[in-house]
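Student: I should like to learn how to read strands, pockets and salt bridges in a protein model. Could we take them in turn?

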Amino acid sequence: GGDGAYCHIDQQNPNIQITQYTNNNVYRSTNGGISFPSIVSEGTGHFINPSEYDSQNKIYYAASDDDLLKRITNMDAAFVNSDIPISVGGAMISTLKMSPYNDVLFLGIENGRIYKVTNPGSATPILTRLDNGGTPITTVGWVSSIDVGANDNHLLVTYSNYGVVSVWETVNGGATWLNKEGNLPDMPIRSALYNPSNRDQVLVATEVGVWSTDNFQPGMAAAPVWGPSNTGLAHTRCDMLKY
């Protein structure tokens with residue numbers, strides 16, 4: 001149809017591949033991309049709908065409608081599609097990030113809130129709010145990305161609105177938040193990524209290309225110095241960074 005969206009390849013079994021059309025129209029391949037039959041066809045979620053995939057437990061997560069988390073289990077077999085109720089302020093999920101360490105899913109919400117879901121694939125997932133008013137988005141703000149640092153208490157969060165501080169970090173699970181925008185211009189930040197080998201180095205995807213810093217200083221209140229990092233790339237909108 002022309003409107004490609006989020007996609008995933010299972011990191012343990014690359015024969016399992018997932019792609020989307022608009023909203024929650026999800027296609028799955030179990031043969032390495034030879035065929036992609038439709039498994040879910042719903043007009044829920046966003047037009048370009050954020051999703052995340054847990055390769056360890058073979059579970060696909062995505063935004064659904066307000067106060068709902070889409071969960072498709074058994075992605076390597078006879079899948080099961082369901083929507084999990086979550087109380088996140090009457091809004092939709094805007095970004096998702098699976099922890100690389102534990103069975104924990106982090107959610108950013110289109111109203112600015114940030115949550116942790118512990119045991120998201122279980123019958124009784126536990127939802128914990130992490131922003132606690134520590135970020136400046138007290139009314140409306142779009143959480144555009146979440147990256148996990150050294151552990152599940154260490155998060156890098158971005159917002160893509162104009163007129164707000166766009167880059168925030170916590171090293172204590174949301175008890176306090178550090179403003180890490182530094183000298184970035186007032187522009188949408190759509191994605192951020194730690195260098196996992198050196199978290200003083202961070203990349204951000206912006207309205208005018210990729211910017212970077214070498215002195216992020218995780219856990220410190222010091223403001224990073226950012227600059228364009230577009231060698232070989234265009235000074236144009238960038239939506240996502242993946243490692």
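Tutor: The discussion below covers a sheet, a hairpin, a pocket and a set of salt bridges. Please bear in mind throughout that this is a predicted model.

Student: Which strands make up the open sheet of 4 strands, and in what order do they stand?

Tutor: As a general idea, strands of a sheet pair through backbone hydrogen bonds, either parallel or antiparallel. Here the order is E9-E10-E11-E12, and the pairing is antiparallel. Strand E9 (93-98) and strand E12 (126-129) each have a single partner strand, so they form the edges and one side of each lacks a neighbour in the sheet. From one strand to the next, the twist averages 25 degrees.

Student: How many bridges pair E9 with strand E10?

Tutor: The antiparallel pairing of E9 with strand E10 (residues 104-109) extends over 5 bridges. For one residue-level example, Lys97 has Phe106 in E10 as its bridge partner.

Student: Where does the model show a hairpin, and what is notable in its turn?

Tutor: E2 and E3 form the hairpin, with 3 residues between them. In the turn, Asn23 has a positive phi of about 55 degrees. Strand E2 (residues 17-20) and strand E3 (residues 24-29) run antiparallel and are joined by 4 bridges. E2 also runs antiparallel to E1, to which 3 bridges join it. Ile18 illustrates both pairings: Ile18 in E2 is the bridge partner of His8, and Arg28 in E3 is the bridge partner of Ile18.

Student: What volume does the largest pocket have, and which residues lie nearest its centre?

Tutor: A pocket may be described by its volume and by its lining. The largest pocket has a volume of about 1,500 Å³. Its lining comprises 47 residues, and those nearest the centre are Glu52, Leu96, Lys97, Leu241 and Lys242. By class, the lining divides into 20 nonpolar, 17 polar and 10 charged residues.

Student: Which strands each supply at least two residues of that lining?

Tutor: They are strand E1 (7-9), strand E5 (51-54), E9, strand E13 (143-148) and strand E17 (189-195). E9 thus appears both in the open sheet and in the pocket lining.

Student: How many salt bridges are there, and how should one read the environment of the pair Arg129 and Asp131?

Tutor: A salt bridge here requires a side-chain nitrogen of Lys or Arg within 4 Å of a carboxyl oxygen of Asp or Glu. By this rule, the count is 8. In the pair Arg129 and Asp131, the closest N and O atoms are 2.8 Å apart. Asp131 is buried, because its relative accessible area of 2% is under 20%. Arg129, by contrast, is partly exposed at 35%.

Student: Which residues are linked in a network of salt bridges?

Tutor: The network links Arg190, Glu207, Arg237 and Asp239. The side chains of Arg190 and Glu207 meet at 2.7 Å, N to O. This pair links distant parts of the chain, 17 residues apart: Arg190 is in strand E17, whereas Glu207 is in the loop between strand E18 (198-206) and strand E19 (209-213). Arg190 also forms a salt bridge with Asp239, with the closest N and O atoms 3.6 Å apart. Asp239 lies in the segment after strand E20 (227-228) and Arg190 in strand E17, so this pair ties together parts 49 residues apart in sequence.

Student: Which of Arg190, Glu207 and Asp239 are buried or partly exposed?

Tutor: Arg190 is buried, with a relative accessible area of 16%. Glu207 counts as partly exposed at 27% relative accessibility, and Asp239 counts as partly exposed at 42%.

Definitions and conventions:
Residues numbered from 1 in each chain as written. Predicted model: local features only at pLDDT ≥ 70, side-chain atom pairs only at ≥ 80, totals over all residues. Heavy atoms only, no water. Pairing = 2+ DSSP bridges. Axes fitted to C-alpha atoms, helices over the stretch in contact; angles between N-to-C directions. 1 Å grid on protein atoms, 1.4 Å probe; cavity = no way out; pocket = protein on both sides within 12 Å on 5 of 7 lines; lining within 4 Å. Points joined across faces, edges and corners; volume = space filled by probe spheres on them. Nonpolar A, V, L, I, M, F, W, Y, C, P; charged D, E, K, R; others polar. Buried < 20%, exposed > 50% of the residue type's maximum accessible area, 1.4 Å probe, protein only.
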